[in-house]
Amino acid sequence: MANSFPAPANSWPAASGRTDIGPAELYSPGRVFSWPELQAMAADGILSQLYQRGYMLPGTAATPQLRARAASFAVPPAIRQRVVAGRMTAAWIYGCAGEPDRLALLVDATRRVSSLRSTRGCTLHEVRLGPFDVVSLGGLMVSSPLRTALDIALHVDAERALPALRKMLSTPELDVRLRLLTLAVEATPRVPHKKAALEKLAALRAQPG
C-alpha cells in the first residue's frame, strides 16, 4: 500500500486561514454556517460531527487529514504553528485510538510556552522534537507515526497504550515496526518510564494480536 502520509516537515507552516470548509467538505463555524446551525444540521442528520466543531457529510470517510483538520478547529489560530498534536491525540488522528477528551499538544522545548499555558481543552507537553518527528496533516502539525508510538509507549498507561500500539503496528501505511520502536525506546535517555515502556513492547511481542 502506498504511503498516504506526507514527508516529515522540517519547517512548520502556518495552518490555513479558512475556518468554514476544510478538506473533503469538512465544516466548522465560520463564514458559511454558525455553530448552532451546524449543530442543528447534525441533529437533523444532514451532517455528522467528527470532533468538537468539525462536521462532515454523512458517509464521508474519516481520514487522518480530516481528523487533523477537525482537531485544528479546537486549537486557537494564533498558536497552531507553534504546537504539535501528539500522543493519544495523534493516535486518534491516525485512526488508532478513540476520540480524545482533551487534545494532547507537544511544544518544542526551544519555543516559548508561557503564552500557551491558558489554552483551553488542551494538555501541553514540553518536549524536544527533531526534524523527522513532525508531519503536516490537514493544516495541523502532528507527531510522526514513529514518534507518536514512542511517546505512547513512554508516557501512556498500558491499558490505553497497548491497543493503540497494536493498531499502529498493524496499519501498514504508518510503517511503524516493533523492532524499530524498541530501538527508539532503548535509545531514549534515562527517563522514569523507560522500563515500563520496554515492558509494554515485550507484551506486544508476546501477544501481537
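A residue is called buried when its relative accessible area is under 20%, exposed when over 50%, and partly exposed in between (1.4 Å probe, protein chains only). Keep that in mind for the tour. What you have open is a predicted model, where local features need pLDDT of at least 70, side-chain atom pairs count only at pLDDT 80 or more, and totals for chains, interfaces and linings use all residues. Residues are numbered from 1 along each chain as its sequence is written, and side-chain values use heavy atoms, with hydrogens and water left out.

**Stop 1: helix H4**

Select residues 145–155, which make up helix H4. (Helices, H or I with at least four residues, and strands, E with at least two, are DSSP runs numbered from the N terminus.) How many of the 11 residues of H4 are buried? Nine are, so color these: Pro145, Arg147, Thr148, Ala149, Leu150, Asp151, Ile152, Ala153 and Leu154.

**Stop 2: H4 against H6**

Now add helix H6, residues 178–187. The two axes come within 10 Å and cross at roughly 60°. (Axes are lines fitted to C-alpha atoms, for helices over the stretch in contact, and angles run from 0 to 180 degrees between N-to-C directions.) H4 and H6 are therefore oblique to each other; under 35 degrees counts as roughly parallel, over 145 as roughly antiparallel, 65 to 115 as roughly perpendicular and the rest as oblique.

Show the side chains of Leu146, Ala149, Leu150, Ala153 and Leu154 in H4, plus Leu180, Leu181, Ala184 and Val185 in H6: these make the contact, meaning heavy atoms within 4.5 Å.

**Stop 3: H5 against H7**

Next, pick H5 (residues 158–169) and H7 (residues 194–206), which pack at about 55° with axes 10 Å apart. That angle makes H5 oblique to H7. On the H5 side, look for Ala158, Ala161, Leu162, Leu165, Arg166 and Leu169; they meet Lys200, Leu201, Ala203 and Leu204 in H7.

**Stop 4: a hairpin**

Select strands E8 (residues 134–137) and E9 (residues 140–143), an antiparallel pair with four bridges; strands pair if DSSP finds at least two bridges between them. Which residue of E9 is the bridge partner of Val135? Click on Val142. Two residues lie between the strands of this hairpin, and Gly138 in the turn has a positive phi of about 55°.

**Last stop: Thr123**

Finish in strand E7 (residues 122–127), where Thr123 sits. Thr123 is partly exposed, at 30% relative accessible area. Leaving aside neighbours within four places in sequence, Thr123 touches Arg102, Leu103, Ala104 and Leu105. Arg102 is 21 residues away along the chain, yet the two C-alpha atoms are separated by 6.6 Å.
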